Every structure is written in C-alpha cells, then in structure tokens.
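Colleague: Got a minute to go through this model with me? I'd like to start with pockets, then move on to charges and strands.

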Amino acid sequence: MSETIMPLSGVRVIDFTQVMLGPCCTQMLGDFGADVMKIERPGAGDLSRSFYGERSEEAMNNAVFVSLNRNKRSVTLDTKSDEGRQAVLDLVRTADVVVDNFRAGVMDRLGLGYDTLSKLNPRIISASGTGFGPTGPYAHKGGQDVLAQAMTGVMEKTQDPSIPKSIYPTTLCDYSAGMHLVQGIMAALLMREKTGRGQKVAVSLYDSMIAMQMQEAAQWSKHREVLNWAAMPLTGVFDTTDGAIVIVGAFKANPLQDICTALEIDDLSPTYPTLAEQRANKPVLQKTFRDVIAGNTSAYWLQRLEAVDLLCAPVRALGEALDDPQTDVNGMLCPIDHPVLGKITVVGSPVHLSEAPLTVRHLPPRLGEHTEDVLQELAQMLKTEAAE
C-alpha cells in the first residue's frame, strides 16, 4: 500500500526546540507529514522531560512532553562535541528546515546560525522563536510566556479595575508564537519553490502578543482609548445556583432590552439607552444581572438567553469540555498507546484537511529512540550523494 501523501511529505525538519513554543510548531509540521528529527541532549533531552524533576523512564515520558511531541523522531547528539556538531551539519545538508527556540544568538554561538547553515545548504530555512526578537534592547532576555503577557499589556487589563491583575493560566503566548512560526515556515517553503533559496524566519512571544492586540493597538494609537473587550458593560460572568454562565451583550440592536427580557425584569434600556450611559453605569447593571441570575440554574438561564438569541455559554472546566460530544465530533481527541506511559488521550490538530487527516506516524519518542536509525539513513544519503 502506498504511503498517504501529506502536505509536507518529503520535507525534512531538524528540530532543536523544547518546552512549548517550538515543540507545538514542529508537532504541527509533523502532523502535516514532515519528517521531524528532534535533536536532544544525551541523558536529559527536552526540558519538558524534566517536568517532574526526575530522570526515571516514566517521568521523562510524562503527559506534558507527550502532548507536544508526536510525529517526531528523537536523536540524541552532543552538539558541543566535534562528532555531534559534524552529525548536525551533515543532517543540515539533507534537510529543508532547522527550527529552534533558544535565546537570540545561541544558534550562532553553537556554530549553527543561518549564515553557516546556508553555506552548507542554500535551500535551508532557519526558523527561530525567541522571547523578544533577534535584536533590540530585550534580545538578551530569557523569553517566557508570563513575561510576554506582562510586557505587552495583556496582563494589565482586567474585567474590572477592582480585580487584581493576574497571570493568564494557559500558555497563550507560547501557542500563538508557535503557530506564527508554522505560518512563517510554510510561507518560506512556498517562496523557496519560486526562488530556489531558503531564508531566515523569526517570530517572538513579544510580537505575537502585540499582534494579538491589533484592534486595541489601533484604538489606542488613534484615540488614546483603552479597548477592553472583557470590560464591556453588558458582558460578564455570573454565578448561578449550580455553576456559572457568561453573557456577551453585543452585536445586537438593543442587547440590554433582550437581557432584561431573558431575566424577566423591567426593561432598563430606556434608562440607559446609549453605550456611553451603559458604560458609566456598569456596576449597577452588573449587580442587577448578578442578583437575578444567582437565583436559578445555569440551564434555566441559558435556555432563556438563547430564546432571545443572546450570546451565552456555561463556564466549564477543561474536563467537561474534553467530555463534550462536540470535542469528539471535531476530531480533537487523539488516543495513543505509549510504550512507557501507556494509554493517554492528547489533543489532536485544530487544522482539519479533508485530503490529509491527522495520523500518528510516530508516537512521542523516548529519549534517543531513533538516533541509530537517523544516523544510518544519513550515512546512506551522504553516500548516495557522493556517488552522484
């Protein structure tokens, strides 16, 4: 049976990434069919393998690591040794893409920067994800999701000034930058088809978070006005007798009137007819909603709100979302049977291609699992190249 043709079939990726930003990028490249060779430190590997601070086989193949590293092959090489560095350079000669998420300048110091690699292989695409960019006043800083939240204005905004500022609990910046890195690599591969040349691709946590606030940035630039979608007067999270719901009072001619209808209270829209008046009286409006909604169940209020076509939803825990039939129907559950970790369900790909559905060609690898195979393949490729 012939192998399924995937969008990136035949594309060879040398993967120096670890933790989140880089691995979520290279996992998607692997899901699209690329041959991803994950270069790891002997005895240690990706920092995510140390999530539990242990070096047992089970600990180094933990759920966090497994969630980000399917469809990759693990190769252990000491890039600081002559032998290890030469193996990497030989791999580059046969590769299409090299990906890293080290601090700016680290690949150059390792002798693996774009200028060096492009001399070995003019078609190579060198893609880097950093904290703040390859140059500039913060280039030297260690990049991390929480720091990017803090330094780009994301953390500063809250639903209400009385709410303490806090860390967004999901790796928003890492994932966004990782997906931007995928986009950059795909664009560079397409451009190479036209020019025959590779290039550098650079993304950063900082830039990804600035980009995510494109509407807010334009509003601030033009009007010096803070645009905060969570602070809209008719939008909020409200406790019920058995949980909580969220209401988005927007995108309708008179959402306040519709909310009042759903909550079975007097119409407040004549008292607060404009958005400006609603903003000025947000505490009063929100308290009115909160007091009423607290008296019944989530299901009761969702049914009433949906009856007047208001945007609303239950506030759920992740486990509830994973158990939802919609999650399964959308193909977002990917069960695997790992030789060390056992049966585990990880998140699938959010990109669904009708002609190239997600397949797990390689289970998340054990440290160095494919070193011998990859080096033997490399030797054969170099031998064939020399003979030609």
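Modeller: Here is a short run through pockets, salt bridges, strand pairing and one threonine. This is a predicted model, so local features need pLDDT of at least 70, side-chain atom pairs count only at pLDDT 80 or more, and totals for chains, interfaces and linings use all residues. Residues are numbered from 1 along each chain as its sequence is written, and side-chain values use heavy atoms, with hydrogens and water left out.

Colleague: What volume does the largest pocket have?

Modeller: About 1600 Å³. A pocket here is an open set of points on a 1 Å grid over the protein atoms alone, where a 1.4 Å probe fits, with protein on both sides within 12 Å along at least five of seven lines. The volume is the space filled by probe spheres set on the points, which are joined across faces, edges and corners.

Colleague: Which residues lie nearest its centre?

Modeller: Met 20, Ser 67, Leu 68, Thr 171 and Tyr 175, out of 49 that line the largest pocket. Lining residues have an atom within 4 Å of a point.

Colleague: Which elements supply at least two residues of that lining?

Modeller: Helices H1 (21–31), H2 (63–66), H7 (172–195) and H14 (318–323), plus strands E5 (125–130) and E11 (342–347). Helices (H or I, at least four residues) and strands (E, at least two) are DSSP runs, numbered from the N terminus.

Colleague: How does the lining of the largest pocket split by class?

Modeller: 25 nonpolar, 18 polar and 6 charged. Ala, Val, Leu, Ile, Met, Phe, Trp, Tyr, Cys and Pro count as nonpolar, Asp, Glu, Lys and Arg as charged, and the others, Gly among them, as polar.

Colleague: And the second largest pocket, what volume?

Modeller: About 700 Å³. It is lined by 21 residues, with Val 154, Lys 157, Tyr 168, Asn 228 and Ala 230 closest to its centre. Strand E7 (residues 235–239) gives the largest share of that lining, 3 residues.

Colleague: E7, then. Which strand does E7 join, and how do the two run?

Modeller: E7 joins strand E8 (residues 244–248) by 5 bridges, and they run antiparallel. Strands pair if DSSP finds at least two bridges between them. Phe 238 has Ile 245 in E8 as its bridge partner. The hairpin from E7 to E8 goes through 4 residues. E8 also runs antiparallel to strand E9 (residues 311–314), with 4 bridges.

Colleague: Switching to charges. How many salt bridges?

Modeller: 15, counting a side-chain nitrogen of Lys or Arg within 4 Å of a carboxyl oxygen of Asp or Glu. Arg 12, Asp 35, Arg 73 and Glu 377 are linked in a network of them.

Colleague: Take Lys 38 and Asp 46. How far apart are the closest N and O atoms?

Modeller: 2.9 Å.

Colleague: Is Lys 38 buried or exposed?

Modeller: Buried, because its relative accessible area is 0%. Asp 46 is buried too, at 2%. Buried means under 20% relative accessible area, exposed over 50%, partly exposed in between (1.4 Å probe, protein chains only).

Colleague: Where do Asp 291 and Lys 287 lie?

Modeller: Both are in helix H12 (residues 282–293), 4 residues apart, about one turn. They form a salt bridge, with the closest N and O atoms 2.7 Å apart. Asp 291 is partly exposed at 47%, and Lys 287 is partly exposed at 45%.

Colleague: Last one. Why does Thr 327 count as buried?

Modeller: Because its relative accessibility is 16%. Thr 327 is in helix H15 (residues 325–329). Leaving aside neighbours within four places in sequence, Thr 327 contacts (heavy atoms within 4.5 Å) Ala 321, Leu 322, Met 332 and Leu 333.
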